[in-house]
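Here is a short report on a protein model with a bound ligand. It covers the ligand site, the cysteines and the aromatic pairs.

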Amino acid sequence: MKALEGIKILDFTHVQSGPTCTQLLAWFGADVIKVERPGVGDATRKQLVDVPGADSLYFTMLNHNKRSMELNSKNETGKAVLTRMIEECDVLVENFAPGALDRMGFSWERIQEINPRMIMASIKGFGPGKYQDCKVYENVAQCAGGSASTTGFLDGPPLVTGAQIGDSGTGLHLCLGIVTALFQREKTGRGQKVSAAMQDAVLNLARVKMRDQQRLDAGPLKEYSQFGEGIPFSDATPRAGNDSGGGQPGRILKCKGWETDPNAYTYFIIQAAVWEKVCDVIGEPDWKTAEGYASPPERLDKLNQIFERIEEWTMTKTKFEVMDACNPLDIPVGPILSMKEIAEDDGLYATGTMVKVDHPERGEYLSVGCPIKFSDMEVAVERSPLLGEHTSEILSQVLGYSEDEIKEIAASGAVGELKA
Ligand code: CAO
């Protein structure tokens with residue numbers, strides 16, 4: 001028994017943000033039917049291709065556990081089939097450019113007429129306002145959501161992060177919105193429109209930087225390196241390098257081998273509760289009681305000097321030795337893991353966070369599994385569908401068309417070539 005068993009999703013998503021959302025819904029047990037343009041499909045199928053002729057990793061890693069149906073939503077017969085889909089499904093998820101669904105003839109008003117229980121969930125780059133018509137990709141959202149201006153070093157340009165907080169981050173937000181709307185529908189019987197803008201999702205994830213924006217009114221941000229360096233603050237939240245954003249100061253420090261290994265680093269946090277243990281570990285026991293070091297506020301203007309001293313110690317150890325030494329003492333540290341190291345971590349395969357998936361066109365590949373674990377539901381990762389792999393079965397099993405009707409639909413050009 002899966003939590004969302006029986007829920008049918010008309011998945012009109014493409015690229016990354018929407019597919020992330022519907023992949024989660026599929027993992028939670030929904031029947032996710034990806035509707036794709038005949039012969040073309042989601043553009044990512046053929047982007048960043050590594051195995052000629054096969055669906056790319058970009059596509060396969062974002063579309064597990066779904067079914068694929070080819071359907072031309074601009075063809076008259078195609079529109080009739082889509083109308084039947086809207087009647088049958090519980091949720092329509094889309095991340096087309098603003099207005100695209102309206103241009104197809106399926107406005108929110110029309111969708112409600114067809115199925116008042118339908119939940120329509122949309123991702124756009126921006127919410128209502130002056131940028132509402134913009135097409136938006138990941139890095140645009142990271143910039144417009146305040147992440148880029150607060151990421152990077154003070155003396156460098158704004159930086160985007162590798163974590164796809166604009167796309168996958170918004171997909172996560174939308175997924176939560178959909179499940180919430182399904183829960184509300186249990187009580188009201190009505191569907192509703194759920195929207196998540198990429199700018200808003202990034203801003204939500206960068207919430208602590210808006211906290212700091214307001215704290216600036218009360219004076220300098222003392223936990224930022226810049227404070228210890230005597231560099232004045234401007235009127236906007238600055239870039240803070242690798243400084244910890246919380247009340248517990250932290251930095252990325254070099255470890256043994258850093259000269260040749262770009263990932264021989266550790267994150268090191270000097271949590272107030274374990275300050276005395278930190279002093280012992282690095283060989284500065286006097287700092288436990290010394291004036292200017294003993295309490296967290298006293299240390300704020302010396303953080304750079306303190307971390308330089310800790311780094312002298314971390315440079316004598318590998319990042320894993322640092323972890324082995326600090327973990328038993330509850331000193332929070334984290335090795336900087338490369339994607340290669342993560343891909344080779346057996347522990348992550350044991351929990352299903354990393355998985356090996358077999359694919360008919362490309363053979364075995366690695367993927368990230370469901371990052372959320374349930375005690376009463378198992379999530380098995382299944383390969384992504386080939387383009388139009390399930391068109392016939394959806395037309396007959398989900399929409400109830402007869403064999404002759406399916407032949408007529410195919411003859412109209414509304415669906416691609418039917419697979420056996
Ligand atoms: N049958 C017929 N037509 C179809 C179709 C189907 N099954 N599926 C899509 N189309 C059509 C759309 O109707 C649209 O046609 P019109 O322009 O005539 O209305 C057309 O295909 C292109 O859709 P699009 O504008 O959404 O795609 P794009 O590649 O030009 O833009 C993107 C991509 C992502 C910039 C845009 O979709 C967008 O801004 N989406 C919202 C924000 C978002 O999710 N961004 C993150 C993407 S992940 O990095």
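Buried means under 20% relative accessible area, exposed means over 50%, and partly exposed lies in between, with a 1.4 Å probe and protein chains only. The model is predicted: local features need pLDDT of at least 70, side-chain atom pairs count only at pLDDT 80 or more, and totals for chains, interfaces and linings use all residues. Residues are numbered from 1 along each chain as its sequence is written, and side-chain values use heavy atoms, with hydrogens and water left out.

**Ligand site**

The ligand is surrounded by 23 residues, counted when a heavy atom lies within 4 Å. Lys74, Arg103, Lys135, Val136 and Asp167 are the closest. By class, 10 are nonpolar, 7 polar and 6 charged. Here Ala, Val, Leu, Ile, Met, Phe, Trp, Tyr, Cys and Pro are nonpolar; Asp, Glu, Lys and Arg are charged; the others, Gly among them, are polar. Helix 4 (residues 100–104) gives the largest share of the shell, 3 residues. Helices are DSSP runs of H or I with at least four residues, strands are E runs of at least two, and both are numbered from the N terminus.

The table lists polar contacts of the ligand, which are pairs of N or O atoms within 3.5 Å.

| Ligand atom | Protein partner | Distance |
|---|---|---|
| oxygen | lysine 74, side-chain N or O | 2.8 Å |
| nitrogen | phenylalanine 96, polar backbone atom | 3.4 Å |
| oxygen | arginine 103, side-chain N or O | 2.7 Å |

Taken alone, the ligand exposes 940 Å², and the protein buries 84% of that. Areas come from the Shrake-Rupley method with a 1.4 Å probe.

**Cysteines**

A disulfide needs two cysteine sulfur atoms within 2.5 Å. The count is 0. Why does cysteine 175 not bond to cysteine 21? Their sulfurs are 4.8 Å apart, too far for a bond. Cysteine 175 is buried, at 4% relative accessibility. For cysteine 326, the closest cysteine sulfur is in cysteine 255, 9.5 Å away and too far for a bond. Cysteine 326 is buried at 0%.

**Aromatic pairs**

Rings of Phe, Tyr and Trp (its six-membered ring) pair if their centres lie within 6.5 Å; planes under 30 degrees apart are stacked, over 60 edge-to-face, the rest tilted. There are 6 aromatic pairs. Phenylalanine 12 and phenylalanine 96 have centres 5.0 Å apart and planes at 65°, so they are edge-to-face. This pair links distant parts of the chain, 84 residues apart: phenylalanine 12 is in strand 1 (residues 8–12), and phenylalanine 96 is in the loop between strand 4 (91–94) and helix 4. Both phenylalanine 12 and phenylalanine 96 are buried.

Tryptophan 275 and tryptophan 287 are stacked, because their centres are 6.2 Å apart and their planes at 5°. Trp275, Trp287 and Tyr293 form one aromatic cluster.

Technical notes:
Polar contact = N/O pair within 3.5 Å; in protein donor to acceptor, adjacent residues only side chain to side chain.
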